[in-house]
Amino acid sequence: MVEELVAAGVTLVSAGAVYAMAAARVVKQYERGVVFRLGKLRSEVRGPGFTMIVPGIDKLRKVNMQIVTMPVPAQEGITRDNVTVRVDAVVYFKVTAPAEAVVRVEDYRFAVSQMAQTSLRSIIGKSELDDLLSNREKLNQGLELMIDSPAVEWGVTIDRVEIKDVSLPETMKRSMARQAEADRERRARVINADAELQASKKLAEAAKEMSEQPAALQLRLLQTVVAVAAEKNSTLVLPFPVELLRFLERAQSGGAAVPPPVAQPVQEQLTAPQPRLDPDPEGSNSRQD
């Protein structure tokens, strides 16, 4: 009798252990558990930690609550200004309502991926090429709204959408390169013209100051000579002397300027006076001084 009781107790303990092992579940910190009892959704969502279900009657489905990074395959489309481009993006989303994500959609990951691809093609058709290249922040916000609107009903929230790359045809790349080069050349010419204008104004002011001080022109000439003479491989030839410049300056100022005298040799020949013979009426010669 005792042996039968011991055997029955061992059997019960074994059955209880098997039942506990079959009913025990562990939900991780980043997961939530959704329980279906006889196919019907239980309103209680199991939190992280140890939990128990009824084996054979309950079914526990775990839902990941982490942010999911999903790349969107490159989509080819034609922009509003008739340019063929290929655009790829990345979507960041997470599940906020585990029961809705399990019940309302068969596979929320696949659904979000397809919605992202469709929205990306729609954004390409509504945008121009310049917007895709330079105004991506606005396009990202519009793409996020387009994906998030249906995803809310699935218990999914779109955290962020980013356009990764925009691929252009080679002909379009060369055209854009030529356009950028022409624009930079135009700006360079404008800058050079502005610099010439400012330099001409400064030179006019400098010429005005030099006209008031005639010696400034000579000093400027000497500075130019010093600057040219600094290079050993240069030969400086002055076409006119500095003294001529001084003479011209004095002549323009109205001064009584006389060019420097040129020294010439002067030879004086002293000759003795010769007597002049005048015939006198008598036919004889007379000497007169």
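User: What share of the 289 residues of the chain counts as buried, and what makes a residue buried?

Analyst: A residue is called buried when its relative accessible area is under 20%, exposed when it is over 50%, and partly exposed in between, using a 1.4 Å probe and protein chains only; by that rule, 20% of the 289 residues of the chain count as buried. This is a predicted model, in which local features need pLDDT of at least 70 and side-chain atom pairs count only at pLDDT 80 or more, while totals for chains, interfaces and linings use all residues. Residues are numbered from 1 along each chain as its sequence is written, and side-chain values use heavy atoms, with hydrogens and water left out.

User: How many helices and strands does the chain have, and what makes a stretch a helix or a strand?

Analyst: Both are DSSP runs numbered from the N terminus, a helix being H or I over at least four residues and a strand being E over at least two. The chain comes to eight helices and 10 strands.

User: Why is Met 176 called buried, partly exposed or exposed, and which residues does it touch?

Analyst: The relative accessible area of Met 176 is 28%, which is neither under 20% nor over 50%, so the residue is called partly exposed. Met 176 lies in helix 6, residues 170-212, and, leaving aside residues up to four places away in sequence, it touches Leu 129, Leu 133 and Leu 168, where contact means heavy atoms within 4.5 Å.

User: Which pair of residues links Arg 80 to another part of the chain, and how do you know that it is a salt bridge?

Analyst: A salt bridge needs a side-chain nitrogen of Lys or Arg within 4 Å of a carboxyl oxygen of Asp or Glu. Arg 80 and Glu 128 have their closest N and O atoms 3.4 Å apart, and therefore the pair qualifies. It links distant parts of the chain, 48 residues apart, with Arg 80 in the loop between strand 6 (68-78) and strand 7 (84-95), and Glu 128 in the loop between helix 3 (108-126) and helix 4 (129-134). Arg 80, at 53% relative accessibility, counts as exposed, whereas Glu 128, at 31%, counts as partly exposed.

User: Which salt bridges lie in helix 6, and how many does the rule give in total?

Analyst: The count comes to nine salt bridges. Among them, Glu 170 and Lys 173 have closest N and O atoms 3.9 Å apart, and these two residues are separated by about one helical turn because they stand three residues apart in helix 6. Arg 189 and Glu 185, with closest N and O atoms 2.9 Å apart, also lie in helix 6, four residues apart, again about one turn. Arg 189 is exposed at 58%, while Glu 185 at 42% counts as partly exposed. In addition, Asp 183, Arg 186 and Arg 187 are linked in a network of salt bridges.

User: Which strands make the sheet that contains strand 7, and what makes two strands pair?

Analyst: Two strands pair if DSSP finds at least two bridges between them. Nine bridges join strand 6 to strand 7, therefore these antiparallel strands meet the rule, and one bridge sets Val 72 opposite Ala 89 in strand 7. The open sheet has three strands in the order 6-7-8, with antiparallel pairing. Strand 6 and strand 8 (156-167) stand at the edges with a single partner strand each, so one side of each has no neighbour in the sheet. Neighbouring strands are turned by 25 degrees against each other on average, direction ignored, where axes are lines fitted to C-alpha atoms, for helices over the stretch in contact, and angles run from 0 to 180 degrees between N-to-C directions.

User: Which helices lie across the strands of this sheet?

Analyst: Helix 3 lies across strand 6, strand 7 and strand 8, running at about 35 degrees to strand 6, while helix 5 (residues 136-151) lies across strand 7 and strand 8, at about 140 degrees to strand 8.

User: How many bridges join strand 2 to strand 3, and which residue of their hairpin takes a positive phi?

Analyst: Four bridges join strand 2 (residues 31-37) to strand 3, and these strands run antiparallel. Val 34 stands opposite Val 45, and the bridge partner of Phe 36 is Leu 41. In the hairpin, which has two residues between the strands, Leu 38 takes a positive phi near 55 degrees.
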